[in-house]
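Colleague: I have the two chains open on my screen. Can you walk me through what is there?

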Amino acid sequence: MTAVTVSSANFRTALVRMSVSAGLLIVAALVVSIPWLSTFAVQRLLVEVFTLFAVALAWNLLAGYGGLVAIGLHVFVGVGAYSLFALSNELHLNPFLLLPAAAVFAAVFAAVSAWPMFRLSGAYFAVGTWVLAEMMRILTLNSPSLGAGGGMPLEAMSDIDRWTRNAGVYWAALLVGVGSLVVSRQVLRGSLGLALMSVRDSEPAALASGVPVARAKIALWVLCAVISGLAGAVSYMNTLQVTPDASFSLNWTAAAIFIAVLGGIGTLEGPIVGTIVYFLLRETFAGYGAWYFIGVGLLAILTMVTAPGGAVSLIPEKWRLDPFRIRRRMAGSDLDRSASFPQT
Amino acid sequence: MQIAAETLLNGLMLGALYALFGLGLSLSVGVMRMINIAHGDLIVVGAYLTSVVMSEAGIGALTALLVVIPVMFALGWILQIILFNRVVGKDALAPLLLTFGLSIVLQNVLQEMFTADTRSLQAGDLAGLGFNVLGVSIGVLPLLSALASIALLGATHWLVGHTHFGRQARAVSDDPGTARLVGVNDRRLFGIVTGLIFSMIGVAAVLYALRTPFSPTAGPERLLYSFEAVVLGGLGNIWGTLFGGLVIGIAQLFGAKIASGLGPFFGHLAFLVALLARPQGLFGKASS
């Protein structure tokens, strides 16, 4: 290879990089200025898209990287939403300022619930978290101070005019959606991500190599609780009313599972693809009521049987992009393997 | 005192039914290492099936079992052969997600066929019968259902422990590879096991529907009670499952006495507390 071709290749990569960044910048500017460009209905739908994406991402992180399948992930959606509503109504504070508090509540709840939940593993953990979510649902359903079955409105929101309120909730949802993706990527690229992937591939081997398995799993559990809790808080700021049956509802986790299964468990691209497919299906077929859910369920079953890796796995390996650069490859893996062993 | 005794007895009888719910789950975990998330929804399917058979044929609930049990067996066998066998034996994730999808499908098919309204089975003459022992009133129907549950648990215990079929099932459970080497056809065995599990679900469904109204969305709660009975009792221990079911039943009914809406909450709480005290279950052997 001559020096000329190398530099022209470099030039071409630089050009590609620059046009990709320019494209991303334009998309980002468009997405941020949605409140000026579209109707309230579009904004509300996008809030749903971003919050559900965040919950699906959290579910996918737990299942795909931590080996922690949680059917009760919706418990954090409810805890996040209820802590935001209760704090804002009690303290008469702007709910946007209380979003960090909702995150703290979800984190503390996750840390405490890890104590009984992490005594279970595999499928038992999955159903155990569901028990936890049911307990919280029944508890809020029977708490008059939290509005019992009727739930409670977000009183402080009535002081804010309609445009600002809708735009604010939209930006908050955008922040939660994009923020959770960025944080997940950073975490997966860091030492926690390496620890988690080693646990996923072989827990005994990870333990034997000195990976702090339990600590890594709890850290992931708390992170995913914060993501889901924030998503729940923002999502119910959108509807201005939180009820036990809606916020502690299995529907949240069911949608997250569907998105993750369809898109591809154990990837960051999977939930993005899955969320797009999910909302396309929902907006097109939701009018069919029960038949829509039957179709969605059958599609999930079909995916598990025929392509357990989801939509992402259908793309052939050599064409698969790694837009988040989280995959780890063995250096020089195209060379003869024996050459990489240390020779003494 | 009388109320406490009555609550305790009712809790025990309810708990025996929960143990029967859990029995199918316990077998499926024990033999196939698989938790069927649609387990509760299948109980509800059995209840609707019985209701249809009763009204079409004009027969009582117990006679309807003669139809319900074979139909449920066939349904279980078919589902295992065409669907579950494709994912069983790999990791825990695939069967879990597959049956989760099945659960959503079943709930919505039931809703489409029978609307979201609640139904109940007519128990006929048995419904109002009861008798008094030392001032404590006992319903004949709950007592019969509890006795039937215990009898089925006993029969399953014998089947697993003392028959050729049971030995095959235990062999596959311990080491599928070696079992296959010595001539056990595990896929066919799984078909029969799931058929049996579904038959038990059919019986559990009738006993459940005779005492409680049901609706298409009643399944997940049944699954959670079954699951709690199995984990609380210790995995793979049938009499442990009975004990687990009894604990959940008693906790629920005493909880409902404290605050009427909190019955199931106290059932779940008992499960969590027991889990913290003995993670391997009350009768389980400590692992590692």
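**Starting from one residue**

Modeller: This is a predicted model. Start with Val29(B), which sits in helix α1 (residues 2-32) of chain B.

Colleague: Is Val29(B) buried or exposed?

Modeller: Val29(B) has 21 other C-beta atoms within 10 Å, so Val29(B) is buried, the cut-off being 20 or more.

Colleague: Which residues is Val29(B) in contact with, leaving aside neighbours within four places in sequence?

Modeller: Those contacts are Met34(B), Ile35(B), Val230(B) and Leu235(B). Leu235(B) is 206 residues from Val29(B) in sequence, yet their C-alpha atoms are 7.8 Å apart.

Colleague: How much of chain B's contact map joins residues at least 24 apart?

Modeller: Counting contacts between residues at least 6 apart in sequence, 74% in chain B join residues at least 24 apart.

Colleague: Zoom out, then. How many helices and strands does chain B have?

Modeller: Chain B has 11 helices and two strands. Along the sequence the pattern is α-α-α-α-β-β-α-α-α-α-α-α-α.

Colleague: What radius of gyration does chain B have?

Modeller: Chain B has 19 Å, and a compact globule of 288 residues would be near 19 Å, so the two agree. Along the principal axes, the C-alpha atoms fill a box of roughly 60 × 50 × 35 Å. Of the 288 residues, 52% count as buried.

Colleague: What does UniProt list for chain B as "transmembrane region"?

Modeller: The unreviewed UniProt entry lists residues 12-35, 65-85, 92-110, 130-160, 189-210, 230-251 and 258-277 of chain B. In the model, residues 12-35 are 88% helix and 0% strand, with the end C-alpha atoms 25 Å apart. Residues 130-160 come out at 68% helix and 26% strand, and their end C-alpha atoms are 35 Å apart.

Colleague: And for chain A?

Modeller: The unreviewed entry gives chain A several such ranges, including 218-238 and 250-279. Residues 218-238 of chain A are 100% helix and 0% strand, with end C-alpha atoms 30 Å apart. Residues 250-279 of chain A are 83% helix and 0% strand, with end C-alpha atoms 18 Å apart.

Colleague: How many residues does each chain put into the contact?

Modeller: The contact takes 33 residues from chain A and 35 residues from chain B. On the side of chain A that touches chain B, α6 (122-141), α12 (250-263) and α14 (290-306) each supply at least two residues. The most comes from α6(A), with 12 residues. By class, that side of chain A has 28 nonpolar, three polar and two charged residues.

Colleague: What do the buried residues of α11(B) pack against?

Modeller: They pack against α5 (99-117) and α6 of chain A, together with α9 (219-233) and α10 (238-258) of chain B. Among those buried residues are Phe265(B), Phe266(B), Phe271(B) and Leu275(B).

Colleague: What span should α11(B) have?

Modeller: Its 15 residues (263-277) should span 21 Å at 1.5 Å a residue; the end C-alpha atoms are 22 Å apart, which agrees.

Colleague: New topic: backbone angles. What is the phi of Leu240(A)?

Modeller: Phi of Leu240(A) is near 65°, a positive value in a residue other than glycine. Most residues other than glycine have a negative phi. Leu240(A) lies in the loop between α10 (213-239) and β2 (241-242) of chain A. Leu240(A) has 16 C-beta neighbours inside 10 Å, so it counts as partly exposed.

Colleague: And Thr115(B), where is that?

Modeller: Thr115(B) is in the loop between α4 (93-114) and β1 (130-133) of chain B. Thr115(B) has a positive phi of about 60° although it is not a glycine. With 12 C-beta neighbours inside 10 Å, Thr115(B) counts as exposed.

Key: Residues are numbered from 1 along each chain as its sequence is written. Chains are lettered from A and ligands numbered from 1 in the order in which they are written. This is a predicted model: local features need pLDDT of at least 70, side-chain atom pairs count only at pLDDT 80 or more; totals for chains, interfaces and linings use all residues. Helices (H or I, at least four residues) and strands (E, at least two) are DSSP runs, numbered from the N terminus. Two residues are in contact if their C-beta atoms, placed from the backbone, lie within 7 Å. UniProt positions are given in the numbering used here, feature names are shortened, and annotations may be inferred rather than shown by experiment. Ala, Val, Leu, Ile, Met, Phe, Trp, Tyr, Cys and Pro count as nonpolar, Asp, Glu, Lys and Arg as charged, and the others, Gly among them, as polar. The expected span of a helix is 1.5 Å times one less than its number of residues. The radius of gyration is taken over C-alpha atoms; the globule rule is 2.2 Å times the number of residues to the power 0.38.
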